[in-house]
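Thanks for making time this morning. I would like to walk through one model with you, slowly, and explain each term as it comes up.

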Amino acid sequence: MDIYDSVIELAKRRGFLWNSFEIYGGTAGFYDYGPLGAMLKRRIENIWRDIYVINEGYYEIESPTIGIENVFVASGHVGGFSDPLTECQKCHESFRADHLVEDVASNPDTLTPDELSVIIKENNIKCPDCGGELGGVYEFNLMFSTSIGPGSKRVGYLRPETAQGMFVDFPRLLRFYRDKLPFGVTQIGKVYRNEISPRQGVIRLREFTQAEAEIFVDPRDKSHPGFDSIRDYTLSLYSDHNQSSGQDQIDMSLGEAVDLGIIAHQFLAYALAMTHQFLVRVGVSPERLRFRQHMKDEMAHYAIDCWDAEILSDRFGWVEIVGIADRTDYDLNAHSRVSKTDLSVYVEYDEPRVVEKVVVKPDMGKIGPAFKGKAKAVMDALKSMEFGNLSYSKSNDMISIQVDGEQVDIPPDMYEVQQVTETIHGENIVPHVIEPSFGIDRIIYAVLEHAFREEEVQGEDDVKSKNEVRDEDKGRIVLGLKSEVAPVQAAVLPLLTREELKGPAKEIESALKHKGVMAAYDDSGTIGRRYRRNDEIGTPYSITVDYDTLEDGTVTIRDRDSMKQVRAPADTIADTIHDLIHGYTRFEDAGTPIA
RNA sequence: GCGCCGAUAGUGUAGUGGUUAUCACCGUGGCUUGCCAAGCCAUGAACUCGGGUUCGAAUCCCGAUCGGCGCACCA
């Protein structure tokens, strides 16, 4: 049993992750989050919100999980991600049918699968690899489709990413942020991809949760106002160059990486730093985390630079858990084109620019009668003329222009050339998008695997030596979750199952709950067993009520990782635990150490 | 989607063509228990599904589903 198996077994047994629809045999690519898993997930999402929404100020929105066809036509998911495939009946290799018929069909990408099948048959096209017979063409699209309303007239798709919902809201968002760049927006939600063969547990799912930020920036200025604060922040970077030259990732400060041009610009570097902070805060091991740059041929054609946060897993090696890309203006332009909506921002200059221009002023009183129906076209043609030099403009020549494909001569008395001074206050630009995209489910797996450990427990041969029954079984399984993400934050345990201890313990449990601390009361089994039970689900602190509690009002707090204990007052225990969980108090300072 | 391998209580497992399917952990109730998976009593819980062969199938065969690995795929 490797670590993956151990983690999945623990997650299943203790209520973190379950295969969905189990009583019906299950379906690949779907997982349920059990009680502890859902709690862990929510806590991780809320830390993400704390960083992106509260601290960076990128408000969260919520758009439908079903999108209309045009949205995904514009995004390229309908055309680009819907491939007609055919499979060789002999060697079972799959091919793009539209590519195979390129030589015999003029418009292969507009053909339906049935039409492609016919063409392949008629032209006797064989498998390019082995010459075998090709099977029928079928449409393969990663998107789940559905129909909207009765009659199945309108096709809808389950979104394959949350990003499009934010791009589509761009005009509203721009107005919300009072027409100024840069601004960002976030969304956490379910997305759907009909994977061919989902595997590896929660690593590749058909329904999963993304947390994405879309940050709209001025393409001419990708500096970040907070860059100085992260200039010395050092990350493990695995650049395109390092990959192609066979080197490993190297530690480098972000300042250096931007200066050397390894990371395209400050905004992207800042996004990397935030990603790192988030991942480490939720419990990804920094030693098993790196940022890998996409190679040139791997990057989407529209992207400028793209980095994946990857975690090292025991079984799968490096696994991508976050993608951070500069998507340029690709998406906004695409939606602008398909929706016929202006998705640009008017950016004011710092100083208005005074521009001297030479313009042609048509004399419509003469042009109108002279050209009648064509007058408007002539006027437009004249106005759109550009005068590169003033000398020409000053001459009073006959102007020859093309109007509707025929040459028209405009005599000098029909126009006037003027030099004008214009004050321009700004211009319209389409913003570029910086997009960090988090795969929450993969992050959860990373957190579980990196937190998982089995350790030897030493030094209890004195008191319990009379019960030397299971001396082989001294190991304990610990889920060393960060206290901030642990589902159960404190266990409340009466030392013995006796009424006089149960009462005070239950009071402490309810005091903790009032403070918003997820506390679990447990009086079943010996104290050691209950500690172990809580170690396994990552409960960071256990509070034990004993007979001293009844006398001097103190309880034992036991630290999951060190197994050390301190004695602290019971009446302020909720505050103490709260402060411990959020890192305001260190465990050693939470009470008096006991041997 | 292709190939190989697998599927037994909640978890990990043993096992055989033939009566109540093994063991451990686990859960629950009780006794015990004064700080790191003690003990005792009682109790709960499984042969993935469908078809076939057979007097009889959890066991053999076929298919499906799920899982693992390799290939393909991963905008």
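Let me begin where the protein meets the RNA: the largest share of the surface near RNA strand B, seven residues, is given by helix α19, where "near" means that a heavy atom of the residue lies within 4 Å of the strand. Helices here are DSSP runs of H or I with at least four residues, strands are runs of E with at least two, and both are numbered from the N terminus.

Before going further, I should say that this is a predicted model, in which local features need pLDDT of at least 70, side-chain atom pairs count only at pLDDT 80 or more, and totals for chains, interfaces and linings use all residues. Residues are numbered from 1 along each chain as its sequence is written, chains are lettered from A and ligands numbered from 1 in the order in which they are written, and side-chain values use heavy atoms, with hydrogens and water left out.

How confident is the predictor? On pLDDT, its confidence in each residue from 0 to 100, chain A has a mean of 86, and 91% of its residues reach 70 or more. Over residues 389-393, however, the pLDDT is below 50, although this stretch has eight contacts in the model beyond near neighbours in sequence, a contact being heavy atoms within 4.5 Å. Residues 459-473 also have pLDDT below 50, and there the model shows one such contact. The model as a whole scores ipTM 0.90 and pTM 0.86.

Back to the RNA, where 50 residues surround strand B, and Glu-9, Arg-193, Arg-204, Arg-529 and Tyr-531 come nearest. By class, this surface has 14 nonpolar, 18 polar and 18 charged residues; Ala, Val, Leu, Ile, Met, Phe, Trp, Tyr, Cys and Pro count as nonpolar, Asp, Glu, Lys and Arg as charged, and the others, Gly among them, as polar. Of the strand's atoms within 4 Å of the protein, 45% belong to sugar or phosphate, and the rest belong to bases.

Which parts of the RNA do Ala-28 and Thr-556 approach? A polar backbone atom of Ala-28 is 3.3 Å from a phosphate oxygen, whereas an N or O atom in the side chain of Thr-556 is 2.8 Å from a base nitrogen. Ser-197, too, has a polar side-chain atom 3.2 Å from a base nitrogen of the strand.

Now to empty space, for which we use a 1 Å grid over the protein atoms alone: a cavity is a set of points where a 1.4 Å probe fits but cannot get out, a pocket is an open set with protein on both sides within 12 Å along at least five of seven lines, and lining residues have an atom within 4 Å of a point. The largest cavity, of about 30 Å³, is lined by Val-7, Leu-10, Ala-11, Phe-16, Leu-448 and Leu-479, and those six residues are nonpolar. Helix α1 (residues 3-13) gives three residues, the largest share of that lining.

The second largest pocket has a volume of about 1,200 Å³, and of its 43 lining residues Glu-161, Arg-193, Gln-210, Glu-320 and Ser-437 are closest to its centre. Strand β16 supplies the largest share of this lining, seven residues. In that strand lies Thr-328, whose phi is near 55 degrees, a positive value in a residue other than glycine.

Terms used
Points joined across faces, edges and corners; volume = space filled by probe spheres on them. Polar contact = N/O pair within 3.5 Å; in protein donor to acceptor, adjacent residues only side chain to side chain. pLDDT = per-residue confidence, 0-100.
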